[in-house]
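User: I am new to this structure and would like a close look at a single part. Please take one helix and describe what surrounds it.

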Amino acid sequence: MTALHHDDYRDDDIRAILNEVKTVAVVGVSPLTIRPSYFVFKYLAERGYDVIPVNPGHVGKDLLGRPFVASLKAIDRPVDMVDLFRNADRVLPAVEEALALKPLPKVIWMQLGVRHDAAAALAEQAGVKVVMNRCPKIEYARLSAEIGWLGVNSRTLSSKRRPMPTTGMRLALGQSSLAGGTLAAPRRTDSKPDNS
């Protein structure tokens, strides 16, 4: 496995990760609806990812119908990606815990503002991809063109709102639009985009 270039991630690498992973453990997620971790968790759940809330302070509760677990080792199924909402000084123990999982996760993702090169090197030595200082919600929205629906990153100044996607419309990430619904699992499609 070739390590990702942490100063300049290629869109194809991020897109491949977001298309490949299905189960995401969100470490440090908060049930408070004003917290960024909540937004990310909800967004990924709405796009069909199997998201698992990991926060020992909320065990016995659930988040969007998914029960909180105290730690990564308490998860009862394989995890494809560990999304860390942790300060940089708390990343290394979380990465070490992720590397003790069997099977290993495919990806460890550190949220915006978080970079820990030693933890990343440790994970990469074990064959796990690492993304740092990025948000999967933002990356998904950017690569799927959802962010453009709000007039952000469209490279066009206009007073007109872009049309909302319709059912079956193929997005740049390779998934069909949700049209307000949720998916049981992220959809993968190899069909060509409909340019009509």
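Analyst: What follows is a description of helix H4, its surroundings and the chain that holds it.

This is a predicted model, in which local features need pLDDT of at least 70, side-chain atom pairs count only at pLDDT 80 or more, and totals for chains, interfaces and linings use all residues. Residues are numbered from 1 along each chain as its sequence is written, and side-chain values use heavy atoms, with hydrogens and water left out.

The chain has 5 helices and 7 strands; helices (H or I, at least four residues) and strands (E, at least two) are DSSP runs, numbered from the N terminus. Their order from the N terminus on is α-β-α-β-β-β-β-α-β-α-β-α. Of the 196 residues of the chain, 44% count as buried. Buried means under 20% relative accessible area, exposed over 50%, and partly exposed in between, with a 1.4 Å probe and protein chains only.

Helix H4 covers residues 117-125, and its buried residues are Ala119, Ala120, Ala123 and Glu124. Seen down the axis of H4, these buried residues fall within an arc of 135 degrees, so they line one face of the helix; the arc is that of the directions from the helix axis to the C-beta atoms. An α-helix has 3.6 residues a turn, so residues three or four places apart point the same way. On the other side of H4, Ala118 and Gln125 are exposed.

The cover over the buried residues of H4 includes helix H3 (91-99), strand S6 (107-110) and strand S7 (129-131). Val95 makes contact (heavy atoms within 4.5 Å) with Leu84, Ile108, Met110, Ala119 and Ala123, leaving aside its neighbours within four places in sequence. Ala119 and Ala123 are among the buried residues of H4.

Val95 also belongs to the largest nonpolar core, which has 53 residues. A nonpolar core is a set of buried Ala, Val, Leu, Ile, Met, Phe, Trp, Tyr and Cys residues joined through side-chain atoms within 4.5 Å. Leu72, Leu84, Val95 and Met110 touch the most other members of this core. Helix H2 (residues 36-46) gives the most to the core, with 6 residues.

After H4 comes Gly127, whose phi is positive, near 90 degrees. For the chain as a whole, among contacts between residues at least 6 apart in sequence, 59% join residues at least 24 apart.
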